[in-house]
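Okay, thanks for coming, everyone. I'll put the model up and then talk you through a few spots on it.

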Amino acid sequence: MATFTRHERLKSRKVISRLFQEGQSFAQYPLRFVWLVTPPVENVPPGSPLQFTVSVPKKRFKHAVDRNRLRRQIREAYRLHKEKLYAALPDTGNAISLMVIYTGAEALPYTIIAEAMYQALGRLSRKMLPRTDSPSAQENNVSK
RNA sequence: GCUGUAAACUGCUCUAUCGCGGCGCCAGCCAGCAAAGGCUGGCGAUGAGGAAAGUCCGGACAACGCAGAGCGCCACACCACCUAACGGGUGGGCUGCCCGGCCGGAAGGCCGGGUGGACAGCGAGUGUCACAGAAAACAAACCGCCGAUGUCCGGGUCUCCCGGGCAGGUAAGGGUGAAAUCGUGCGGUAAGAGCGCACGCCGUCGGGUAGUGAUACCCGGGGGGACAAACCUUGUGGGUUGAAAUGCCACGUACACCUCGAUCCCGUUCACGCAAGUGAAUGGGGCAGGGUUGCUCGCCUUGUGGAAGCCUAUGGUUUCCGUCGUGGGGGGUAGGCAGAUAGAUCCCGUUCGUGAGGACGGGGCUAGAUAAAUGAUAGAGGCACUGGAUCGCGCAAGCGCUGCAGUGUACAGAAUCCGGCUUAUAGGUUUACAGCAAAA
RNA sequence: GGUCCCGUAGUACAACGGAUAGUAUGCAGGUUUCCGGAACCUGAGAUCUAAGUUCGAUUCUUAGCGGGACUA
């Protein structure tokens, strides 16, 4: 379902701090994706297996209007394409935290952002799938 | 009518699909003794600005002990009024510059229009005034002018006069400079100078008239470099800190560790005791800190308790524990509720006031987020500009109407709330002024 | 959210309100050397922007732009 509710938003400062310390990342121009798989135990209170948030750096975009618009467009692109990632989620109950950072030098049209989001979520899904097939790698990740 | 400038106002609309925030109602699930609550879904209405911005001022509100004195610091600066307050606004005064007209011999003044003024005080002190120039501030002589007076030389018609030089006088003129001792005219003089007088300019003091006042006009005295966005002086105002303030709830943790400092003196009352004295309570001072405003004083406040040992023993000193505090290093949390959205509020009318604005009456108004909502996509329309087309008028240039295509539709996003200021802004509307063109 | 500070050559810093804005390093050209380095000589290069005060502004004032620090 193409919604974006309270639980699907990444809000905890703690998790975000861990995201930057331990998480993995890749770039899909003009976006950059930082993601982390967390064990299900830590995820019990909120209740959503996939949490997402956006950041647009103030350094490149001085005006709040521009930042707001980019954030809304990215969020919209995620909302319309996130089904792809849900379909690839492992059955272990692990949660995924995801932060998207806009790294473009200037504001690009929505069609380019949407295409980048579509490609990136595809890449992320492919990274998920092999892990469900090989339990050893998954245990390694969880113990970490 | 067009163009420009300034001010004020305004600053896109609709539909479809998928979404978001808080609110109300309904349903389901979770948890609970219950009340309250959490989650999910449906329906409903609702959801950024004139600057929400910059954070430059002023308040409300809150806390700090209801906050004392002096110094320091900061801000403001013609007057009156408006206002909760302001460095904001309104009206007035004075004044610089430009244009036009008039008066005067000139200096200068008056009137009208436009456009500016951080507009208290260099008539308190200190300081600065580069270069150039003789000289840049209780002074000073480069060229020039004079050489009356004194003196020297020469000559003559010899108690006097003429010529030249020196001492010296002179701030009119030249030249330098941003600026040269107020300007014009007359007198005066050897030559000159506010040296004197008349008129005028600019400050200041005293008096009178008008005005709430700034100030204006009249009379009189005394006066005449600039700079306070130089130090400063005078007057007025400011207690400090800001919603990450502050109050409450929940959760978690370490009264652990190292370091350094204070732990003293004098009294009063009561109890016990024959007494020395002991114990308890309390007051003052000192010491070590803390708080209050940057500093000082003042004020408020915390600790000043116990045990043991040594000695030269009615006392001195050392150590340990405790208490209070300084610094170091470390640990935990970073959730919720209130503050926080109806108010110096907006609109209309009447009325007072030149105006900012005030008074009265009537009516209207739920954005309240917190890793932070108000969006995305598609389509249609409106408005502006450009292009050329059809039709109408016209000889033509061109103008008008209709529809078409392209481009543009700005600046910008609430974060405790208000009043201002400043800055950004496509397009549109109105008013004022200026210029141009045409007609009467 | 709040408070404070700073903008000068490419870089790091100077300059009581006063002459052509200085020093180091870097850059360009030349001398020297077989070549390079070092050394020496010469040169180019800047006051964040806009108004104002002043005879005169890097300096003083105001507004804007940019950068940095502190505060839970």
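Let's begin at proline 30, which sits in the loop between β1, residues 24-28, and β2. Keep in mind that this is a predicted model. What is the peptide bond from tyrosine 29 to proline 30, cis or trans? That bond is cis, with omega near 5°.

Now, who sits across from that proline? Go 82 residues along the sequence and you get to isoleucine 112, whose C-alpha is 8.3 Å from that of proline 30. Isoleucine 112 belongs to helix α4. As for cover, isoleucine 112 has a relative accessibility of 37%, so this residue counts as partly exposed.

Let me step back to the overall layout for a second. Chain A is built from five helices and four strands. If you walk along the sequence, the order is α-β-β-β-α-α-β-α-α. The chain has 144 residues, and 40% of them are buried.

On to the inside. How many residues does the largest nonpolar core have? There are 30 in that core, and Ile74, Tyr102 and Met117 are the ones with the most contacts inside it. At least two residues of this core come from each of β2 (31-38), β3 (50-55), α2, β4 (95-102) and α4 (110-133). Which of these gives the most to the core? That's α4, with eight residues.

Staying in helix α4, have a look at alanine 116, which is also in that helix. Its relative accessible area is 3%, so alanine 116 is buried. If you want a distance from there, take leucine 70: the two residues are 46 apart along the chain, and their C-alpha atoms are separated by 14 Å.

Just ahead of that helix, leucine 108 is in the loop between β4 and α4. Is leucine 108 buried or exposed? Buried, because its relative accessibility is 18% and the cut-off for buried is under 20%. Leucine 108 and serine 25 are 83 residues apart along the chain, with 22 Å between their C-alpha atoms.

Next up is helix α2, residues 64-81. Histidine 81 is part of this helix. With a relative accessible area of 21%, histidine 81 comes out as partly exposed, since the buried class needs under 20%. The C-alpha of histidine 81 is 7.6 Å from that of methionine 117, and the two are 36 residues apart in sequence. You've met that methionine already: Met117 was one of the residues with the most contacts inside the core.

Now for charges, and we can stay in helix α2 for this. Side chains of opposite charge can pair when their charged atoms come close. How many salt bridges does the structure hold? One. Glutamate 76 and arginine 79 make that bridge, and their closest N and O atoms are 2.5 Å apart. Both partners lie in helix α2, three residues apart, which is about one turn of the helix. Neither one is fully covered: glutamate 76 is partly exposed at 30% relative accessible area, and arginine 79 is partly exposed too, at 23%.

Last stop is the surface. Which residues gather in a patch of positive charge there? You've got Arg6, Arg9, Lys11, Arg71, Arg72 and Arg75. Take Arg72 as an example: arginine 72 is found in helix α2. Its relative accessible area is 48%, so arginine 72 counts as partly exposed, because exposed would need over 50%.

So, to recap the spots I'd like you to keep in mind. There's the cis bond from tyrosine 29 to proline 30, the 30-residue nonpolar core to which α4 gives the most, the salt bridge between glutamate 76 and arginine 79, and the patch of positive charge on the surface. That's me done, thanks for listening.

Conventions
Residues are numbered from 1 along each chain as its sequence is written. Chains are lettered from A and ligands numbered from 1 in the order in which they are written. This is a predicted model: local features need pLDDT of at least 70, side-chain atom pairs count only at pLDDT 80 or more; totals for chains, interfaces and linings use all residues. Side-chain values use heavy atoms; hydrogens and water are left out. Patches are made of residues with over 30% relative accessible area and no salt bridge: like charges are joined within 9 Å, nonpolar side chains (Val, Leu, Ile, Met, Phe, Trp, Tyr) within 5 Å. Accessible areas come from the Shrake-Rupley method with a 1.4 Å probe; for residues, only the protein chains shown count as cover. A salt bridge is a side-chain nitrogen of Lys or Arg within 4 Å of a carboxyl oxygen of Asp or Glu. Lys and Arg count as positive and Asp and Glu as negative; His and the chain ends are not counted. The place of a charge is taken as NZ of Lys, CZ of Arg, CG of Asp or CD of Glu. Buried means under 20% relative accessible area, exposed over 50%, partly exposed in between (1.4 Å probe, protein chains only). A nonpolar core is a set of buried Ala, Val, Leu, Ile, Met, Phe, Trp, Tyr and Cys residues joined through side-chain atoms within 4.5 Å.
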